[in-house]
Amino acid sequence: MTKILNNKGSVKFENKENEDATLLKIYDDVLKSKRGYVVKMPKKGESVVVCLSGGQDSVANTGILLKEFGLNVYPFFINRGQSNYRYEKKSVNYFNLFYKRKFPKLYHDYKEITVMTPGMEYKNLLRKTKRMMDDIPLSHNISYPARGPIVFLTGMEYGYSLKAKGVEIKTVFASNMSSDFSYHCSQTWVRLMNILFCQIMNDWSWQFISLPIETEFGNYFDKDVFIKWSYENGVPLHKARTCVKSFDIECGDCPTCWDRRRGYKEAGVKDLTKYRFPMSEKYPTYYNHEKEEKNEKGNRSKN
């Protein structure tokens, strides 16, 4: 069986340009001084919040929390104005039903929360800025700088709101991977966010955990581990939505699709996902097939 804890994987923390070992030690020391530990897995039967985006990482992460750790899982899904919203929503609905049937006592219906991030008023400008910065060393790691914090602060707030229903939640789970390059996907950022949770809640028992990169658990692994686990446990990841584009199926050639395909290859698991385009010879940008899609729509309208 695939090991979830104490799994360092092939990506080295020390080699990641979006990680800062010095800062991480400072953050760890702060948490230890405040509560006596850095992070610890919630006990079996405890309630937690998890981000369920519809992507394969979050889908597998949800299943692992249910089966491997026996946690009461309260998922949330962010409607943030994404262009592929209806496809992400379709995936979330599918796995919502899947996990309800499989874990009826532990899994709870997801909460859809509308939070426009990035703001629609400047989203196009931000996209142009991203393209301008892509070729500058380390600047491509910034991505949408506020999106990650906003999403998980919302998840924390949702967890806190459940106290009104008698549900005590103090842990929020993400599913960031060792190959993720954005600064808001790093272990360093996760730890900083954990401290922010505690500070604004005035409660140092709050936790923010991403299992694949939780160094305190001896982890720093990638998508292949989640793919193997899902294959072994009958979770149909090919139904998950990874692609960020607005095609009806995965485009197959944007960075997220490349990572998906790479994960299956490294896991040694057959990829049942349907893709619209073949992989290009060079690593793509998010804008590769815009022209092709416009031409295709034009041809369809003529016919």
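This section describes helix packing, cysteine geometry and backbone conformation in a predicted model.

The packing of helix H5 (residues 147-161) against helix H6 (residues 187-201) is considered first. Two packed helices are described by the angle between their axes and the distance between the axes. In the present model, the axes of H5 and H6 come within 11 Å and cross at roughly 45 degrees, and H5 is therefore oblique to H6. The crossing of these two helices is right-handed. On the side of H5, the contact is made by Gly148, Pro149, Phe152, Leu153, Met156 and Tyr160, while H6 contributes Trp189, Met193, Leu196, Phe197, Ile200 and Met201. Classified by residue type, the contact of H5 with H6 comprises eleven nonpolar residues and one polar residue, with no charged residues; the polar residue is Gly148 of H5, since glycine is counted in the polar class.

Helix H7 (residues 223-232) is largely enclosed by the rest of the structure, because seven of its ten residues are buried. The buried residues of H7 are Lys223, Asp224, Val225, Phe226, Ile227, Trp229 and Ser230, so that residues with charged side chains, Lys223 and Asp224, appear in this set alongside nonpolar ones. What covers the buried residues of H7 includes helix H2 (56-67) and helix H8 (255-267). Within H7, Ser230 has a relative accessibility of 1% and therefore counts as buried, the limit being 20%. When its neighbours within four places in sequence are left aside, Ser230 is in contact with Ala60, Val235 and Leu237. Just after H7, the backbone at Gly234 takes a positive phi of about 70 degrees.

As to the cysteines, a disulfide is a covalent bond between the sulfur atoms of two cysteines. With a cut-off of 2.5 Å between the sulfur atoms, the count in the model comes to zero disulfides. Cys185 is in no disulfide, and the nearest cysteine sulfur, which belongs to Cys51, is 11 Å away. Cys251 is likewise in no disulfide, although the sulfur of Cys254, the nearest cysteine sulfur, is 3.7 Å away; this distance lies outside the 2.5 Å cut-off, and the pair is therefore not counted. Cys185 counts as buried because its relative accessibility is 14%, and Cys251 counts as buried with a relative accessibility of 0%.

Several backbone features remain to be reported. Most residues other than glycine have a negative phi, and most peptide bonds are trans. Asn6, which is not a glycine, nevertheless has a positive phi of about 55 degrees. This residue, Asn6, lies in the segment before helix H1 (21-35) and is exposed, with a relative accessible area of 53%. A positive phi, near 55 degrees, is also found at Asn202, again a residue other than glycine. Asn202 is located in the loop between H6 and strand S5 (207-210), and, because its relative accessibility is 69%, Asn202 counts as exposed. With regard to peptide geometry, the bond from Thr117 to Pro118 is cis, with omega near -5 degrees. The position of Pro118 is in the loop between strand S3 (111-114) and helix H4 (123-133).

Methods
Residues numbered from 1 in each chain as written. Predicted model: local features only at pLDDT ≥ 70, side-chain atom pairs only at ≥ 80, totals over all residues. Heavy atoms only, no water. Axes fitted to C-alpha atoms, helices over the stretch in contact; angles between N-to-C directions. Helix = DSSP H or I, 4+ residues; strand = E, 2+ residues; numbered from the N terminus. Parallel < 35°, antiparallel > 145°, perpendicular 65-115°, else oblique. Left-handed = near helix turned anticlockwise from the far one by under 90°. Contact = heavy atoms within 4.5 Å. Buried < 20%, exposed > 50% of the residue type's maximum accessible area, 1.4 Å probe, protein only.
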